[in-house]
Amino acid sequence: RILACADARYPLPSPSMSSPDGPPSPMKEKVDLAKEKAAEYAAIGKEYAAAGAQKAKELAGKVLAKDESGGYLVVNEAKARYQAIAARGAAFSKDILDKADISQEDLSKLHRIPAVVSLASLVIGLLLIFSHYNTGWVRGMMWINGEVYEAYVSTTTAELGKDGADSDVLKKYFDGCGSGLFGNGKTCALSTLCAGPTTPYDKPEKSTPDQAWCDLEDAGGLANTLLTVGLIPGLGTFILTFIFAAKEIGKVGLVLSKAESQGISMTAQKYIIAGCWIAFWGFLFVSMVAYAATVPDTLGVGLLTLEASFGVVRLSFLLVTVFGALLIVTLFDLWRPDGFIEAWMEFSETPCLSAKKALYIELMLQLACYLAMFVDEVKWEMLLVVICAYYVDAKVKNFMVMYVVLTTASILFDLITLNFMPQDWQVYTPGQAFTHGLFMVVLILKFLILGTIYLYEKENDGESSGWKQMAPDPEKGEEDEIAE
């Protein structure tokens, strides 16, 4: 009763109330301000939503707009831009050809396969030069006075940490580190490391032995020698292959005619070109084997692993194998290009907006990714591309089933690998980031290809010639295509 009477006689003011004669309470001011801000933000949100809806409507109108002939304006605009870019490229190339005194008629006389192979040999040579000085041939963990550092080694230099972040540690013990043409303050020559520290280690028993650096120097020197000598026939492959490709051009034809008059027949010239490619191929292979056999097993902690720069040499070896074989079989007529020409004609005649065309493009893109991933490791999954390509070309359903089963299994393994991969891309080396990015692209393409195969089957439903049986029917006079 006492408390009830006290409350009745002396009521406490509410936080949201104001006294009759006094100013509004602070709590009410805060509530009113919050309401004003909320209303303001709501109005701004509505404006942005309306603007976004208007933009989406305009974009949809542009995408779905059609011209008088029924074609989409966006597609026509893209074609116009492509044609403008192509016209600029044609004008630029024509200007260069005019300065070199080469006509379009001369270009039409080029043999396409030797010309493409010649260009490929030039690209391969540039790749080898790029990989020569890059500190990514091998990677391992070394230690100094018990402190462990990550080392990246080329054929001539080494650096500690990603992008040489810890290379200052070497400067404390080795005079001359960070100097030289390719030093830039971050690398140290293997010869300097092999000579031993100028300032003795505090704990030599817990430091990388000098002999490990000497072994790396010897391995790099041997690989450099073989690659440098190999670039001589590599340069010959580019020059001689291009000359052979341009043999129908007047000036080049005169040079080859003079060579024939000197007793070097056309057959001998072909053997010389093939010999240059085989020599180039052999030097690349021997250099990789020699380097892998002579590098030490460890720098003190863990094992050494081959890195992306060595992988570039491996990719170059694969390209030399493919293009060299293509050129040799063309020079000596060891194959008939009828099947290749037929496949190309089928690809070019396939409608653009069709599942078959999409399959061709997806498979070519996936094959290119697999080839680029050779800088990290050999991916035998690329054989699945061959299986699917044969299925699309020959319409053999057994190959489709084989591809779907094997690709589904590979996707499951890829998902395990994907979950094991670090999520922070900052920890990757440039080579690892490159190949792991390609891994993601290949994984996405696998799903796209499976979906496109489903659409491709739908397109073939109802067609009597849509599929071939794998086993031939002797009663119909069919023969085994694989045996042929």
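What follows is a friendly exchange between two people about a predicted model.

Colleague: Let's begin with the sheet. How do you know that strand S2 and strand S3 pair, and in which sense?

Modeller: Two strands count as paired if there are at least two bridges between them. Strand S2 (residues 147-153) and strand S3 (residues 157-160) have three bridges, in the antiparallel sense, so they meet that cut-off. You can find Val153 with its bridge partner Ala158 in S3, and Ala151 opposite Leu160.

Colleague: And what makes strand S1 a partner of S2?

Modeller: The reasoning is the same. Strand S1 (residues 138-144) is joined to S2 by seven bridges, and at least two are needed, so this is a pair. The two strands run antiparallel, with Val138 opposite Val153.

Colleague: What lies between the strands of these two hairpins?

Modeller: Two residues separate S1 from S2, and Asn145 in that turn has a positive phi of about 55°. In the hairpin of S2 and S3, three residues lie between the strands.

Colleague: In what order do the strands of the sheet stand?

Modeller: The order is S4-S3-S2-S1-S5, five strands in an open sheet with antiparallel pairing. Strand S4 (188-189) and strand S5 (300-306) are at the edges, because each has a single partner strand, and one side of each is therefore left without a neighbour in the sheet.

Colleague: On to single residues. Why is Ser316 called buried?

Modeller: Buried means under 20% relative accessible area. Ser316 has 0% relative accessibility, so it counts as buried. This serine is found in helix H11, and beyond its close sequence neighbours, up to four places away, it touches Ile124, Leu127, Leu128 and Leu284.

Colleague: Why does Asp210 count as partly exposed?

Modeller: The class runs between the buried limit of 20% and the exposed limit of 50%. Asp210 has 29% relative accessibility, so partly exposed is the right label. Asp210 belongs to helix H8 (residues 210-245). Leaving out residues up to four places away in sequence, its contacts are Leu193, Cys194, Gly196 and Pro197. Asp210 and Thr192 are 18 residues apart in sequence and 9.9 Å apart in space, C-alpha to C-alpha.

Colleague: Which residues touch the most other members of the largest nonpolar core?

Modeller: They are Met142, Leu170, Trp213, Leu216, Cys388 and Tyr391, in a core of 78 residues. H11 gives the most to this core, with 10 residues. In general, nonpolar side chains tend to be buried together in soluble globular proteins.

Colleague: What does Trp213 touch?

Modeller: With residues up to four places away in sequence set aside, Trp213 touches Met142, Val153, Ala158, Leu190, Leu193, Cys194, Thr208 and Leu299. Val153 and Ala158 are the bridge partners we met in the sheet.

Colleague: Now for empty space. How many cavities of 30 Å³ or more are there?

Modeller: Two turn up in a search of the whole structure. The largest has about 50 Å³ of space, and the second largest about 30 Å³.

Colleague: Which residues line the largest cavity?

Modeller: Its lining is formed by Tyr370, Met373, Lys379, Glu381, Asp414, Phe439, Val442 and Lys446. H16 gives the most, with three residues. The lining divides into four nonpolar, no polar and four charged residues. Lys379, Glu381, Asp414 and Lys446 are in that lining, and they count as charged because Asp, Glu and Lys belong to that class.

Colleague: What lines the second largest cavity?

Modeller: Gln366, Tyr370, Glu381, Leu384, Val385, Tyr403, Thr407 and Lys446 do. H13, helix H14 (383-394) and helix H15 (397-420) each supply at least two of them. This lining has four nonpolar, two polar and two charged residues.

Colleague: Finally, what is the volume of the second largest pocket, and which residues are closest to its centre?

Modeller: The volume is about 650 Å³. Of the 30 lining residues, Phe130, Asn134, Ala308, Ser309 and Pro430 are closest to the centre. Helix H5 (112-132), S3, helix H11 (308-331), helix H13 (355-372) and helix H16 (430-460) each give two or more residues. H11 has the largest share, with five residues. By class, the lining has 15 nonpolar, 10 polar and five charged residues.

Definitions and conventions: Residues numbered from 1 in each chain as written. Predicted model: local features only at pLDDT ≥ 70, side-chain atom pairs only at ≥ 80, totals over all residues. Heavy atoms only, no water. Helix = DSSP H or I, 4+ residues; strand = E, 2+ residues; numbered from the N terminus. 1 Å grid on protein atoms, 1.4 Å probe; cavity = no way out; pocket = protein on both sides within 12 Å on 5 of 7 lines; lining within 4 Å. Points joined across faces, edges and corners; volume = space filled by probe spheres on them. Buried < 20%, exposed > 50% of the residue type's maximum accessible area, 1.4 Å probe, protein only. Contact = heavy atoms within 4.5 Å. Core = buried A, V, L, I, M, F, W, Y, C linked by side-chain atoms within 4.5 Å.
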